[in-house]
Amino acid sequence: MDTNIALTIIGVILSFIGVVFIAIPKVVNEKVDPDLPSDAVHIAAMFRTANGGFGFALGMVAIYCRNLPVEYASIVLLSLGTGLLIVNLSLISGKIRGYGDLPIPPMILLLGLTVIAYYAALF
């Protein structure tokens with residue numbers, strides 16, 4: 001896969017997720033955890049908004065780097081892929097430590113983006 005296409009796909013998806021998390025964090029939280037106690041609604045929305053900011057920032061990095069020469073774009077893709085893998089491992093560690101259930105759909109999405117990043121960077 002071409003590095004330009006991979007960075008575009010990753011950038012668009014991460015930016016979209018980031019915008020959604022920033023724009024409607026309470027709605028996202030209701031979908032993720034409908035049993036969220038009312039005391040936690042605002043703090044959970046703040047954390048969701050912060051996560052959205054990180055997703056949007058990484059999406060913008062990917063989009064801005066898509067026209068780099070292949071050798072540099074590959075480094076960006078390896079970095080993004082490793083970062084996304086670390087996020088998934090962090091979620092797994094939360095499950096192991098008893099913090100809650102695994103969010104399977106986002107983990108599959110992140111794993112898919114990781115595969116795209118590594119595949120485009122290495123092949």
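A: Contact means heavy atoms within 4.5 Å, and we'll lean on that for Ala45. This is a predicted model, where local features need pLDDT of at least 70, side-chain atom pairs count only at pLDDT 80 or more, and totals for chains, interfaces and linings use all residues. Residues are numbered from 1 along each chain as its sequence is written, and side-chain values use heavy atoms, leaving out hydrogens and water.

Q: How many helices and strands does the protein chain have?

A: Start with DSSP runs, numbered from the N terminus: H or I over at least four residues makes a helix, E over at least two a strand. Here the protein chain has five helices and zero strands, so its pattern reads α-α-α-α-α along the sequence. The C-alpha trace spans about 50 × 30 × 15 Å along its principal axes.

Q: What share of contacts joins residues at least 24 apart?

A: Take the contacts between residues at least 6 apart in sequence: 71% of them join residues at least 24 apart.

Q: At what angle do the axes of H2 and H3 cross?

A: Fit lines to the C-alpha atoms over the stretch in contact, then take the angle between N-to-C directions, from 0 to 180 degrees. The axes of H2 and H3 come within 9 Å and cross at roughly 105°. That makes H2 roughly perpendicular to H3, a label for 65 to 115 degrees (under 35 is roughly parallel, over 145 roughly antiparallel, the rest oblique).

Q: Which residues meet where H2 and H3 touch?

A: From H2 you get Pro25, Lys26, Val28, Asn29 and Val32. Facing them in H3 are Val41, His42, Ala44, Ala45, Arg48 and Thr49.

Q: Is Ala45 buried or exposed?

A: Buried means under 20% relative accessible area, exposed over 50%, partly exposed in between (1.4 Å probe, protein chains only). Ala45, in helix H3, has a relative accessible area of 7%, so Ala45 is buried. Across the protein chain, 29% of the 123 residues count as buried.

Q: Which residues is Ala45 in contact with, leaving aside its neighbours within four places in sequence?

A: Pro25, Lys26 and Asn29, which also appear on the H2 side of the H2–H3 meeting. For another reference point, the C-alpha atoms of Ala45 and Phe21 are separated by 8.6 Å, with the two residues 24 apart along the chain.

Q: And what does Asn88 contact?

A: Asn88 sits in helix H4 and, at 7% relative accessibility, counts as buried. Skip its neighbours within four places in sequence, and Asn88 is in contact with Met107, Leu110 and Leu111.
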